[in-house]
There are 4 protein chains.
Amino acid sequence: MPSLAVHRIAMAHPGDSSALAALFDDGVLAPAMVRAVIGKTEGNGGLNDFTRGYFTQSLMALLAERTGEAASRLAARIPCVLSGGTEGALSPHAMVFAVKPGGGARGLALGTAFSAPTRACEIGTDAQIAAVADTLRAAMRDAGIATPADVGLVQVKAPARTPPGADPRVAMARSRAAAAIGVALALGEVAPEAARAEALLADVSLSSARASISSGTEVTCNEVVVLGQADGWADGIALGVAPMADVLDLPGVIAAFRAAGLPADPCVPERERHRVLGVIAKGEPARDGRIRGHRHTMLGDTDLDAQRHLRGALGALVAAVAGDGRVFVSGGAEHQGPPGGGLVAVLAAKR
Amino acid sequence: MPSLAVHRIAMAHPGDSSALAALFDDGVLAPAMVRAVIGKTEGNGGLNDFTRGYFTQSLMALLAERTGEAASRLAARIPCVLSGGTEGALSPHAMVFAVKPGGGARGLALGTAFSAPTRACEIGTDAQIAAVADTLRAAMRDAGIATPADVGLVQVKAPARTPPGADPRVAMARSRAAAAIGVALALGEVAPEAARAEALLADVSLSSARASISSGTEVTCNEVVVLGQADGWADGIALGVAPMADVLDLPGVIAAFRAAGLPADPCVPERERHRVLGVIAKGEPARDGRIRGHRHTMLGDTDLDAQRHLRGALGALVAAVAGDGRVFVSGGAEHQGPPGGGLVAVLAAKR
Amino acid sequence: MPSLAVHRIAMAHPGDSSALAALFDDGVLAPAMVRAVIGKTEGNGGLNDFTRGYFTQSLMALLAERTGEAASRLAARIPCVLSGGTEGALSPHAMVFAVKPGGGARGLALGTAFSAPTRACEIGTDAQIAAVADTLRAAMRDAGIATPADVGLVQVKAPARTPPGADPRVAMARSRAAAAIGVALALGEVAPEAARAEALLADVSLSSARASISSGTEVTCNEVVVLGQADGWADGIALGVAPMADVLDLPGVIAAFRAAGLPADPCVPERERHRVLGVIAKGEPARDGRIRGHRHTMLGDTDLDAQRHLRGALGALVAAVAGDGRVFVSGGAEHQGPPGGGLVAVLAAKR
Amino acid sequence: MPSLAVHRIAMAHPGDSSALAALFDDGVLAPAMVRAVIGKTEGNGGLNDFTRGYFTQSLMALLAERTGEAASRLAARIPCVLSGGTEGALSPHAMVFAVKPGGGARGLALGTAFSAPTRACEIGTDAQIAAVADTLRAAMRDAGIATPADVGLVQVKAPARTPPGADPRVAMARSRAAAAIGVALALGEVAPEAARAEALLADVSLSSARASISSGTEVTCNEVVVLGQADGWADGIALGVAPMADVLDLPGVIAAFRAAGLPADPCVPERERHRVLGVIAKGEPARDGRIRGHRHTMLGDTDLDAQRHLRGALGALVAAVAGDGRVFVSGGAEHQGPPGGGLVAVLAAKR
């Protein structure tokens with residue numbers, strides 16, 4: 001009988017997993033209970049952001065030391081979904097998802113699954129779409145989530161590999177797009193005949209309202225973490241998800257916190273902040289270069305990547321409502337939520 | 001009998017003043033009425049941000065063409081306070097302050113003044129503090145503002161010149177600090193014996209709650225624009241100013257909009273957005289590296305300047321409440337509002 | 001009977017054309033003699049580099065003041081080819097090309113021409129290729145250069161306009177590529193049937209050994225400057241051009257200086273440096289990610305644009321041979337010189 | 001009887017030590033022979049460059065696996081001097097210094113030593129100067145180098161720790177300066193009474209002609225590697241060191257290669273390139289903002305750190321002579337070589 005727990009840990013730098021070691025040392029959490037990690041590291045979030053790989057290496061070394069299992073095997077069964085870039089008010093941190101003994105009639109469940117290794121030539125193709133959909137179905141089975149309607153959020157870490165000479169930014173975007181459509185396919189948000197590679201980055205009408213995708217060079221297959229309602233799980237954590245119409249959609253942000261049972265008005269009051277267990281947000285710079293009719297400059301900045309712009313802006317909005325900067329904000333919301341917008345997901349301890 | 005008007009203009013690029021030309025062509029505004037410009041251009045906001053000088057040159061060329069007055073003379077009497085950096089959701093724009101015929105019993109007044117040219121060796125010294133205080137007093141006289149208590153907001157553009165070999169970032173910060181203390185001195189917020197160069201960037205207890213300072217290499221003296229209540233001015237524009245305790249202080253932002261008479265809850269509703277005439281915000285990255293106890297990464301980023309981080313975050317928060325990205329956000333809030341925080345000022349048309 | 005002169009001017013910032021004003025004031029050059037300007041400004045060299053437009057505005061304002069001709073008319077007949085980015089050892093400067101009275105039997109000639117305005121939809125198409133080829137032919141006629149074999153160097157400033165939503169980096173690259181193939185077409189380096197839009201950025205075997213192309217948003221048509229041998233011109237300036245096989249091809253750099261009659265061994269000796277009138281270099285990051293078999297990191301850097309990487313590296317090499325940092329280095333050498341390499345052109349006063 | 005060997009390894013990313021594993025697997029090198037590593041990783045080279053720590057972690061994990069010694073103990077006896085930043089033509093790589101059996105009458109020797117842990121308050125003080133001098137003397141003893149005159153090159157990795165609120169860039173620069181003066185003190189290049197903290201970054205007349213210093217947050221004490229002539233070592237490797245007067249001093253670069261016995265004219269010919277075992281260069285942006293009288297823009301660029309500018313330029317020059325981009329170029333040459341210049345050191349296999 002499982003019970004989901006979420007522990008947020010700080011990191012002093014991307015090689016620092018000492019806060020997790022302290023949880024183990026203090027008996028708060030047993031190493032074998034760790035099932036997934038979703039976190040933000042302080043790199044640039046792009047292709048040459050190695051803070052993700054560094055934290056993963058550090059984390060797996062710690063888990064290997066504490067469990068006796070080889071780091072390579074741990075990495076193949078524990079998704080470590082990291083997004084680089086803590087621009088502005090954001091704070092480097094990770095959410096450690098653990099499954100503990102206990103359980104109940106029905107509650108928030110977590111499941112994970114990994115696809116087969118993805119070849120560079122498969123990025124952004126029908127093959128990747130199908131692989132992500134299949135992997136999500138496996139993760140749902142792992143969690144005991146019975147139907148797509150019970151799924152609350154799907155977090156994917158998708159690989160970004162490029163053949164020599166290809167533009168790596170394109171690979172990162174196409175990989176996110178393919179994974180989002182793969183999720184939408186498995187959840188029934190997009191019809192099978194529409195979930196095709198030629199629609200990626202082209203047909204903006206296709207999207208998932210429950211997908212949050214990161215891509216990076218340090219992963220070699222599609223890693224899926226699913227959260228949703230399932231029988232037999234303890235009922236202690238609420239998950240609220242809401243779409244954002246654009247990057248300034250403060251009411252959308254507030255709606256996600258309220259959906260998780262938190263009295264945000266407009267901010268979560270200080271006395272309730274301890275109930276915030278994790279916050280995930282996706283967004284993207286409006287591709288037509290305008291927000292509510294006014295020109296933005298995110299897309300044409302040679303010195304500052306558009307996703308760095310986006311994370312700093314969206315992150316501040318969500319962090320202001322949440323009460324601090326421990327927000328997982330990830331840019332590149334291709335086919336995730338409405339175009340030019342995104343989504344916010346909040347995990348909260350129930351009262 | 002004067003009447004203050006504020007017109008917000010968009011710019012397609014930093015050399016584009018066509019929106020102002022259109023206001024002239026349409027008879028909305030006469031060129032001779034322009035008294036000050038406060039705007040955001042899309043540079044990096046640092047020492048090598050030439051978008052400020054470019055827009056100033058374009059604007060003065062337009063005014064020269066339309067008024068017959070030489071561009072150099074116009075530049076010496078019309079403050080053009082530009083802040084570079086439209087990170088995230090911000091939109092390049094300028095507020096054109098004009099004084100039109102009309103008037104009334106008492107209302108929001110505008111005054112301007114320029115100090116004598118500032119030598120590089122005077123930046124960040126007692127001499128600059130005194131010069132800014134004197135210049136502010138001259139601007140108050142220009143507006144007819146009788147006492148410091150009637151001052152609502154002081155916007156200063158301070159020069160940043162460095163002797164060869166000196167660190168230019170230091171000059172920009174010290175110039176902002178000296179100007180802020182100069183304002184605080186003239187407004188009675190800091191005692192004369194405390195308003196000394198040795199306190200700059202050192203004594204964080206000293207600050208002005210009504211100063212907004214930018215610095216840049218394209219100006220050669222201290223340019224001051226003051227807004228406040230004065231007899232004889234028309235009563236059509238409200239000015240609300242509120243401090244922000246930190247960069248996530250969303251209630252502080254909302255308070256400024258409400259102080260200007262706008263029903264922000266949390267955002268200004270769409271039907272009232274047309275009443276927003278201008279928004280000015282100052283903030284800074286918390287110097288102890290933490291926001292509400294959680295580590296931020298703005299200060300140690302070799303690739304992305306701390307002020308670019310700050311503007312993107314603070315700008316999104318203020319823009320979300322205002323309803324769009326036309327917000328003048330300027331980093332470097334040394335001695336402007338509380339440490340690690342800042343202030344927000346809102347100009348609104350009265351109902 | 002014309003005589004070509006090249007004056008190099010420094011700029012203290014991108015709005016500074018005082019060094020040219022001094023040449024006018026000192027009687028070195030008459031304003032009416034200025035025929036073209038090729039220079040480097042200190043921006044980022046990308047789409048949001050406004051230093052190019054700023055210097056152009058300043059320069060045209062100066063020329064307008066001194067000639068009485070309207071700035072807009074001057075801009076339509078004097079090509080001002082600016083490349084942003086003075087990374088590393090490079091120094092902001094401009095080469096002012098003037099045609100003075102005098103002349104001779106045969107010598108280095110300069111011609112200029114402008115295409116019709118280019119629409120965004122024409123960038124990177126057959127239409128732009130044809131327009132550049134036609135404009136080059138017009139520039140050759142302007143110079144009196146009789147045949148393609150007499151052409152030494154063609155410098156083009158090509159427009160980079162994008163429809164909303166399109167990736168502006170792609171537009172800049174495609175515009176450079178189309179202009180290079182247009183030059184190659186006019187010079188007979190590429191056959192008419194091969195000079196097609198579908199070959200752009202695809203068929204790396206197509207290139208011009210005499211084209212140097214910059215693109216930017218501040219120009220609205222293809223501006224062409226051609227240098228070559230023609231009858232009737234004074235014989236005082238040598239032009240040496242040599243290809244670079246890759247960005248480390250120091251012998252290639254030296255060859256260009258020697259071709260201009262300068263005794264580079266490996267550097268131009270101090271006593272001969274005054275003979276260097278201008279240096280132009282084009283290069284690009286090797287697209288397979290390797291230089292001589294070793295991985296480079298220029299193409300996948302989220303924080304530092306590949307062209308900024310390239311200019312800093314190539315610029316240092318050329319500047320070391322030339323003796324100082326006044327080198328026009330421009331990245332984006334699509335179809336200009338060998339793939340992964342580029343070309344160097346040197347203007348030198350004959351002994 | 002020791003024999004020094006230098007193996008250069010490529011890295012596919014900063015977590016990749018597979019090339020060293022291959023050397024072990026192929027029997028080229030035994031893990032126990034590794035004594036020091038000096039390498040370049042592809043970060044930004046600044047305070048938030050975590051590629052150095054990542055590679056160190058990966059390397060020590062490999063060595064721990066192969067030697068059975070704990071990674072923490074290995075890290076405390078094997079200096080791993082990494083410099084981030086492979087701008088331009090540079091290629092990520094590491095030089096692995098090994099001491100193998102063998103030996104001879106007299107040859108190039110290597111010694112290493114670590115200081116006690118450095119506290120943040122000691123950075124840039126007399127205490128750090130003395131600690132580096134003592135550590136260098138210990139390293140000389142380790143190598144059997146009898147006198148300062150026999151020292152060829154001293155490579156130091158110095159810690160950069162800051163108290164909260166302090167500017168981390170200053171700490172990095174002061175730590176490099178203190179280490180350089182510490183080396184100069186031990187080598188007799190600076191008199192004891194002059195080797196004082198107040199001279200750091202102030203008295204540019206003080207310098208070492210044989211010091212190469214990097215600083216970083218991932219090291220906690222001063223790590224020293226010394227190369228020089230000593231009795232009993234095999235005579236197979238030549239070390240050439242030469243100063244650079246400025247960043248364009250190509251003859252200085254060539255001199256270092258020639259001093260190592262390589263026929264650079266100006267480049268090392270292809271048939272001799274296999275003899276290049278390692279190249280180390282230090283340089284800095286001229287602090288007066290000029291190179292040979294012409295303004296450079298490295299020091300005032302808000303978007304691109306001065307050291308990134310510098311490494312790209314200097315790296316290209318040295319790589320062009322060496323023949324490929326495997327050059328250890330490190331910025332921040334405070335008190336290392338002449339002001340505004342630097343030094344180049346070349347390790348070459350003797351014929």
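Me: Let's start with symmetry: what operation superposes chain C on chain D?

Reply: Look at the turn, the shift along the axis and the fit. In this predicted model, chain C goes onto chain D by a rotation of 180° with 0.0 Å of shift along the axis, and the RMSD is 0.0 Å. That is how a two-fold axis relates its copies. As for the surface the copies use, 100% of the contact residues of chain C recur in chain D, so the same surface serves both.

Me: Which residue of chain C comes closest to that rotation axis?

Reply: Ala313(C), whose C-alpha is 2.4 Å from the axis.

Me: And what turn and shift lay chain B on chain A?

Reply: Read this pair in the same way. A turn of 180° and a shift of 0.0 Å along the axis do the job, with an RMSD of 0.0 Å. In chain B, the residue that comes closest to the rotation axis is Ala313(B), at 2.4 Å for its C-alpha. The copies meet through the same surface, because 100% of the interface residues of chain B are also interface residues in chain A.

Me: Now a single chain. How many helices and strands does chain A have?

Reply: Seven helices and 14 strands.

Me: What radius of gyration would a compact globule of 351 residues have, and what does chain A have?

Reply: The idea is to set the value for the chain beside the one expected for its length. For 351 residues, a compact globule would come out near 20 Å; chain A has 19 Å, which agrees. The C-alpha trace of chain A spans about 50 × 45 × 40 Å along its principal axes.

Me: What share of chain A is buried?

Reply: Of its 351 residues, 66% are buried. You can also ask how far apart in sequence the contacting residues are. Taking the contacts in chain A with a separation of 6 or more, 82% join residues 24 or more positions apart.

Me: And the surface: how much of the accessible area of chain A belongs to carbon and sulfur atoms?

Reply: Carbon and sulfur atoms hold 54% of a total of about 10800 Å². For charge, count both signs and then check where their centres sit. Chain A carries 33 positive and 34 negative side chains, with the centres of the two sets 2 Å apart.

Me: Let's try individual residues. Is Ile254(A) buried or exposed?

Reply: Buried means under 20% relative accessible area. Ile254(A) has 5%, so it is buried. You'll find Ile254(A) in helix α6 of chain A, residues 250-259. Beyond its neighbours within four places in sequence, Ile254(A) contacts Ala264(A), Pro266(A) and Val321(A), along with Pro266(B). For a sense of distance, the C-alpha atoms of Ile254(A) and Thr125(A) are 36 Å apart, with the two positions 129 residues apart along the chain.

Me: What about Gln307(D): which helix holds it?

Reply: Helix α7 of chain D, residues 306-322. Gln307(D) counts as buried because its relative accessibility is 18%. Leaving out residues up to four places away in sequence, Gln307(D) touches Arg176(D), Pro285(D), Gly331(D) and Gly332(D).

Me: One last case: which residues does Gln57(B) contact, leaving aside neighbours within four places in sequence?

Reply: Check the chain letters as you read the list. Gln57(B) is in contact with Gly15(C), Tyr54(C), Gln57(C) and Ser58(C). Gln57(B) belongs to helix α2 of chain B, residues 51-67. Its relative accessibility is 25%, so Gln57(B) counts as partly exposed. Within chain B, the C-alpha atoms of Gln57(B) and Gly15(B) are separated by 7.9 Å, though the residues are 42 apart along the chain.

How values were computed: Residues numbered from 1 in each chain as written. Chains lettered and ligands numbered in written order. Predicted model: local features only at pLDDT ≥ 70, side-chain atom pairs only at ≥ 80, totals over all residues. Heavy atoms only, no water. Least-squares fit on C-alpha atoms with pLDDT ≥ 70 in both. Contact = heavy atoms within 4.5 Å. Helix = DSSP H or I, 4+ residues; strand = E, 2+ residues; numbered from the N terminus. Rg over C-alpha atoms; globule rule 2.2 N^0.38 Å. Buried < 20%, exposed > 50% of the residue type's maximum accessible area, 1.4 Å probe, protein only. Areas by Shrake-Rupley, 256 points an atom, 1.4 Å probe, with all protein chains shown as cover. Lys, Arg positive; Asp, Glu negative; His and termini not counted. Charge placed at Lys NZ, Arg CZ, Asp CG, Glu CD.
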